[in-house]
Amino acid sequence: MFENLNMWEVGALLLLALLIFGDRLPAVINDGLRMVRNLRDMARNATGDLSRELGTDIQLEDLHPKAFIRKHLLSEEDEAAIRKPMQGVYDNLRADVSGVHNELKDVANAVDPRSNGARPGTATGSAPAPAPRASYDDAT
C-alpha cells in the first residue's frame, strides 16, 4: 500500500495526522481498525451466505469470475477439453526452452576457464584472448 512512498513522505503524513487529530489520534486509529474489521466480517458473511445459497464451498478468492467459472461451472472434462489445444503448444515450447537452456549451459561450461584448467584461447591452439580492459570503476 505504501510502496510508492519513501521514508520522508510517510513521516510527513504521520506529522500531518498528528497535527490534524492531535490528542484524538489514538481514537481515530482505533475507529479505522474497527471499520476494517467490520468490512472483513461483512465480506466473510457475504461469502458464507453465497456458499449456502449455491450449495458449494466458496472462498473469497473464488469470487473472481474466471476462478468461479473454472471451479463451479466447468466439469473436469470440460476444463481438460479447453486446455487440450494449448497443451501441445506448451509442451513444445517447454522442450525448446529446455534445449536452449542446456545448450547455453554447455557453451558456458566450454568457455569457463576453471572447467578444464586451461585458458579458452590456448585450449583450441589459437592466439590467446586479449586482456580485459580496465573499467572506470576499477580505476577509481
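These exercises walk through a predicted model of one protein chain.

**Exercise 1. Describe the secondary structure of the chain and its order.**

Solution.
- Start with the count. The chain has seven helices and zero strands.
- Next, read from the N terminus. The elements run α-α-α-α-α-α-α.

**Exercise 2. Find how much of the chain is buried, and what its surface is made of.**

Solution.
- Buried means under 20% relative accessible area.
- Of the 140 residues, 4% count as buried.
- Now take the surface. The accessible area of the chain is about 12,500 Å². Carbon and sulfur atoms account for 61% of that area.
- Then turn to contacts between residues at least 6 apart in sequence. Of these, 0% join residues at least 24 apart.

**Exercise 3. Locate the three salt bridges and place each pair along its helix.**

Solution.
- The count is three. Take the pairs in turn.
- Asp 31 pairs with Arg 34, and their closest N and O atoms are 3.0 Å apart. Both residues sit in helix H2 (residues 25-54), three residues apart, so about one helical turn separates them.
- Arg 44 pairs with Asp 41, again with closest N and O atoms 3.0 Å apart. These two are three residues apart in helix H2, which means a separation of about one helical turn.
- Arg 52 meets Asp 49 at 2.2 Å, N to O. This pair also lies in helix H2, three residues and about one helical turn apart.

**Exercise 4. Sort residues of these salt bridges into buried, partly exposed or exposed.**

Solution.
- The cut-offs come first. Exposed means over 50% relative accessible area, and partly exposed lies between buried and exposed.
- Asp 31 has 41%, so Asp 31 is partly exposed. Arg 34 has 39% and is partly exposed.
- Asp 41 has 36% and is partly exposed.
- Asp 49 has 39%, which makes Asp 49 partly exposed. Arg 52 reaches 60%, so Arg 52 counts as exposed.

**Exercise 5. Identify the residues of the nonpolar surface patch, and examine Leu 16.**

Solution.
- The patch is made by Leu 13, Leu 16 and Ile 20. Its area is about 290 Å².
- Leu 16 lies in helix H1 (residues 7-21).
- A patch residue needs over 30% relative accessible area. Leu 16 has 45% and is partly exposed, so Leu 16 passes that cut-off.

**Exercise 6. Judge where the model calls for caution.**

Solution.
- The average pLDDT of the chain is 78, and 77% of the residues score at least 70.
- Over residues 117-123 the pLDDT is below 50. Beyond near neighbours in sequence, this stretch has eight contacts in the model.
- Where pLDDT is low, predicted coordinates should not be read in detail.

Methods
Residues numbered from 1 in each chain as written. Predicted model: local features only at pLDDT ≥ 70, side-chain atom pairs only at ≥ 80, totals over all residues. Heavy atoms only, no water. Patch = residues over 30% accessible without salt bridge, like charges linked within 9 Å, V, L, I, M, F, W, Y side chains within 5 Å. Areas by Shrake-Rupley, 256 points an atom, 1.4 Å probe, with all protein chains shown as cover. Salt bridge = Lys/Arg side-chain N within 4 Å of Asp/Glu carboxyl O. Helix = DSSP H or I, 4+ residues; strand = E, 2+ residues; numbered from the N terminus. Buried < 20%, exposed > 50% of the residue type's maximum accessible area, 1.4 Å probe, protein only. Contact = heavy atoms within 4.5 Å. pLDDT = per-residue confidence, 0-100.
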